[in-house]
Amino acid sequence: MKQKPKASEPLRRVRHARALMRLAQFMALALFGVAVYCFYIRDYREGWALVAASFLAVVLLALPAANAWRRQWKRQSIIAGYGTYAEQTELDERPHMAPEQFELLCLFPFDFNATGDFDVHREIRLTCRERTVSLTEMTVPARIRGLEALVDGVLIRMDMPRAPVSRLMLTGTSFGDLDILTAWYRKNLRLLPAMFSVQQQMQAFSDGSEPGLRTISQLHRITEKRARNIVLSLAGRELNVFIRNAVILTNPPMGFGQITQQRLEQLGIPELPAILDFAFDTEALRAGADIPFDEEEDRKQAGLQTVIHEADEDFRRPEEHE
């Protein structure tokens, strides 16, 4: 008979926290149920005492247990999910970013007259192969199709060890019409509509350089799930991705079913593995492909090491861009 696999430490912690919450809720509910019975048999003195006891059980036991359960879910889901792709994870519930910092990215038309509505909610910082990847949940004032709008989403930022193209923007249709976006990128970034396409619901803008087929395939994988709601910006090694209507953490399950490892590991940003594969150019290596061992691949392998022995300047673009 096959033995069930042992639950991971994050899963055990989450299950323990939820069990304590359920126990506290049951105790409060049981006290209130006995109070109702006392009123039914007209024992009002005992009934009111039990009502007070059930109220105290809610305030002192049930609510703190529920808060502890939510905190444990956030902490352990980050470790089990994002921790799969990073050496270190950190959750910041009070991050700071000035509106001017986001404005300088020029990802989509920004409403300069409504910077007071700009708000940063929380941020997860990952350390992946000694590089920092930040995922910031925020609300951005924008002008979509000439109208004011508050855009909720997640901004993903990182500095890559390679520069696949010099300048490129991929913008989903939910961020505006082609003529408005063309004017915006031409004014702020000197980019024009590109001749190539990555997704049907996205428009590409570039400085005249075009990525190779391999790079387009990697960008297609990043944007295939939410093409119309994604803005992807490449500026040399700087990668910025904004996903509209996205959140960095999944909500804790409120039902009575068993919490599974798969549910705990579910990413709020499922595009992250594809983004990291593209940033480090590790897709072929992770697939176990038979890659010729030569000088170029040796440099690429150095970029995968936890301790990077070579300087960033030693990395080169893929062959199709040379």
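These are legends for a handful of close-up views of a predicted model.

**View 1. How sure the predictor is, from one element to another.** Before zooming in, a quick word on confidence: the protein chain averages a pLDDT of 84, and 85% of the residues score at least 70. Which elements sit at the two ends of the scale? Among the elements of the chain, β9 has the highest mean pLDDT, 96, while helix α9 (residues 295-302) has the lowest, 43. Residues 285-322 stay under 50 throughout, and the model gives this stretch 53 contacts beyond four places in sequence.

**View 2. Helices α1 and α2 side by side.** Here we have α1, residues 9-40, packed with α2, residues 44-80. Their axes lie 8 Å apart and make an angle of about 165°. An angle over 145° counts as roughly antiparallel, and α1 and α2 are therefore roughly antiparallel to each other. The crossing of α1 with α2 is left-handed. As for what lines the contact, there are 29 nonpolar residues, along with 5 polar and 3 charged ones.

**View 3. The open sheet, strand by strand.** Nine strands make up this sheet, with antiparallel pairing. Reading across, the order goes β1-β2-β3-β4-β9-β8-β5-β7-β6. Which strands stand at the edges? They are β1 (88-92) and β6 (192-193); each has a single partner strand, so one side of each is left without a neighbour in the sheet.

**View 4. The β3-β4 hairpin and its link to β9.** Strand β3 covers residues 131-144 and strand β4 residues 147-159, and the two pair in the antiparallel sense over 12 bridges. To get your bearings, find V133, whose bridge partner in β4 is M158. The hairpin has 2 residues between its strands, and R145 in the turn has a positive phi of about 55°. Strand β4 is also joined to β9 (residues 238-244) by 7 bridges, again running antiparallel. On that side, R157 stands opposite N240 in β9.

**View 5. Strands β5 and β8, with helix α4 on the sheet.** How many bridges hold β5 (residues 167-172) and β8 (residues 230-235) in their antiparallel pairing? There are 5, and L168 has L234 of β8 as its bridge partner. Helix α4, residues 178-188, packs on the sheet, where it touches β5, β6, β7 (202-206) and β8. The direction of α4 makes about 25° with that of β7.

**View 6. Helix α7, between views of the sheet and of α5.** Looking at the sheet, α7 lies across β2 (119-128), β3, β4, β8 and β9, and runs at about 50° to β4. Helix α7 (residues 272-280) also packs with α5 (residues 213-223), at an angle of about 160° and with the axes 8 Å apart. That angle makes α5 roughly antiparallel to α7. The crossing of these two helices is left-handed. From α5, the contact is made by T215, Q218, L219, R221 and I222; from α7, by A274, I275, D277 and F278. Sorted by class, the contact residues come out as 5 nonpolar, 2 polar and 2 charged.

Methods: Residues numbered from 1 in each chain as written. Predicted model: local features only at pLDDT ≥ 70, side-chain atom pairs only at ≥ 80, totals over all residues. Heavy atoms only, no water. Axes fitted to C-alpha atoms, helices over the stretch in contact; angles between N-to-C directions. Helix = DSSP H or I, 4+ residues; strand = E, 2+ residues; numbered from the N terminus. Parallel < 35°, antiparallel > 145°, perpendicular 65-115°, else oblique. Left-handed = near helix turned anticlockwise from the far one by under 90°. Contact = heavy atoms within 4.5 Å. Nonpolar A, V, L, I, M, F, W, Y, C, P; charged D, E, K, R; others polar. Pairing = 2+ DSSP bridges. pLDDT = per-residue confidence, 0-100.
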